[in-house]
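Thanks for sending this one over. I have put my notes as numbered points, so you can follow them with the model open beside you.

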Amino acid sequence: MEIHCDEAALKGITGKGVGVAVLDTGIYLHEDLKGKIQGFKDFVHGKKLPYDDNGHGTHIAAMIAGSGLASGGLLKGIAPGSSITAIKVLDHRGNGYAADVLMGLRWIREHRKEYGIRIINISVGSLTRREMTENSALVKGVNAAWDDGLVVVVAAGNHGPAPGTVTTPGISRKVITVGCSDREVEVMGSRMVDYSGRGPTNACVCKPDLVAPGCGIISCCNEPGRYFIKSGTSMSTPLVSGAIALLLEKYPSMSNKDVKLRIRERAVDLGLPHNQQGWGKLDVKRLLADEI
């Protein structure tokens, strides 16, 4: 699936002036991200210059803000006018520690005004029993960011379809948790069916909040001029983050609560159980429309 922003249909709305923080494996200086990277912080190796030794973070960042330069404008991100602040909290294998994620969240809160950050994209999750409560450090960390007014968008994880399989911090009742609307994908060479994490949480909160496509998404990799394909709720999440960047350009005074309510009102009901689809599927044009 090619992801691009139909600027004509969106009347020139590109997410301009909206900063998105991506907590992930870092970011590669791909051609499509030239001029898009506002800031970088590395909590894994402490390096100063942007890099991505996995590629996952670059894929996600370009889904949000990529210009499509290396594809002749074909493979643009959903909000190519937005900017990215990349926070590396995962290593070259895509693994990491809750402590690094928490430090990343704290750093974002401290530097949000400096980098114009309004949205946090977290395609990171844990399914360990210790983390699956609302009292866990990760949930408290994203809740603190939400309480500061940031829009926090989190993947539901790829451990479905059993109930109670939404990963932490997606179990937070405050954040916007994103599942995948595609029933079947291939992840790391393995075919997965009905894999998107489902609620309810241990606190009986219905999750996810909405679903978006996540199968076979083409986006930038950590090599010059190249793209690769990835699938999973990690890919569904930046589609929602990018759509919210468009929304916040159009309505800059919206609070995070306003954004969540708008998503609830404008999602397209797929007729599936709430703990599978949430309020429904993302529809960008419907989300941005003045009236429906």
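1. Let me begin with strand β3. S83, T85 and I87 point to one side of β3, I84, A86 and K88 point to the other, and all of them are buried. In a regular strand, side chains alternate between the two faces of the sheet. The strand covers residues 83–88, and six of its six residues are buried, so it is mostly covered. Please keep in mind throughout that this is a predicted model.

2. Which strands pair with β3? β1 runs parallel to β3 and is joined to it by six bridges. β2 also pairs with β3 in the parallel sense, over five bridges. Two positions help to set the register: A21 stands opposite T85 of β3, while K88 of β3 is the bridge partner of D42.

3. Now the sheet as a whole. Seven strands make an open sheet with parallel pairing, and their order is β2-β3-β1-β4-β5-β6-β9. β2 and β9 stand at the edges with a single partner strand each, so each has one side without a neighbour in the sheet. On average, neighbouring strands are turned by 25° against each other, direction ignored.

4. Two helices are worth viewing against that sheet. α2 packs on it and touches β1, β2, β3 and β4, with a direction at about 155° to that of β4. α4 lies across β1, β4, β5, β6 and β9, and runs at about 160° to β5.

5. α4 also has a helix partner. α1 (residues 56–65) and α4 (residues 233–250) pack with their axes 8 Å apart, at an angle of about 30°, and their crossing is right-handed. From α1, the residues H56, H59, I60, M63 and I64 take part; they meet S234, M235, P238, L239, S241 and G242 of α4. The residues of this contact comprise six nonpolar, five polar and no charged.

6. Staying with α4, have a look at L247, which is found in this helix. Is L247 buried or exposed? L247 has a relative accessible area of 0%, so it counts as buried. Apart from neighbours within four places in sequence, its contacts are M254, V259, R262, L287 and L288. With L287, the C-alpha to C-alpha distance is 7.5 Å, although the two are 40 residues apart in sequence.

7. Helix α3 (residues 137–147) deserves a check too. Its buried residues are L138, V139, G141, V142, N143, A145 and W146. What covers them includes the helices α2 and α5 (256–266), along with the strands β4, β5 and β6. After α3 comes G149, which has a positive phi near 100°.

8. H30 caught my eye among the loop residues. It is located between β1 (19–24) and β2 (37–42). Why call H30 buried? Its relative accessibility is 2%, and buried means under 20%, so H30 falls in that class. Its side chain reaches two backbone atoms: the nitrogen of D32 at 3.0 Å and the oxygen of R226 at 2.9 Å. Leaving out neighbours within four places in sequence, H30 is in contact with A70, C220, C221, E223, G225, R226 and Y227.

9. Please look at the backbone in the loop between β5 (151–155) and β6 (176–180), where P161 lies. The peptide bond that joins G160 to P161 is cis, with omega about 10°. P169 is found in the loop between β5 and β6 as well, and a cis peptide bond with omega about 15° joins T168 and P169.

10. My last point concerns C204, found in the loop between β8 (190–193) and β9 (210–212). What is notable about its phi? The value is positive, near 65°, in a residue other than glycine. C204 has a relative accessible area of 65%, and exposed means over 50%, so this cysteine is classed as exposed.

Technical notes. Residues are numbered from 1 along each chain as its sequence is written. This is a predicted model: local features need pLDDT of at least 70, side-chain atom pairs count only at pLDDT 80 or more; totals for chains, interfaces and linings use all residues. Side-chain values use heavy atoms; hydrogens and water are left out. Helices (H or I, at least four residues) and strands (E, at least two) are DSSP runs, numbered from the N terminus. Buried means under 20% relative accessible area, exposed over 50%, partly exposed in between (1.4 Å probe, protein chains only). A polar contact is a pair of N or O atoms within 3.5 Å; within protein, one must be able to donate a hydrogen and the other to accept it, and residues adjacent in sequence count only if both atoms are side-chain atoms. Contact means heavy atoms within 4.5 Å. Axes are lines fitted to C-alpha atoms, for helices over the stretch in contact, and angles run from 0 to 180 degrees between N-to-C directions. A crossing is left-handed if the near helix is turned anticlockwise from the far one by less than a right angle, and right-handed if clockwise. Ala, Val, Leu, Ile, Met, Phe, Trp, Tyr, Cys and Pro count as nonpolar, Asp, Glu, Lys and Arg as charged, and the others, Gly among them, as polar. Two strands pair if DSSP finds at least two bridges between them.
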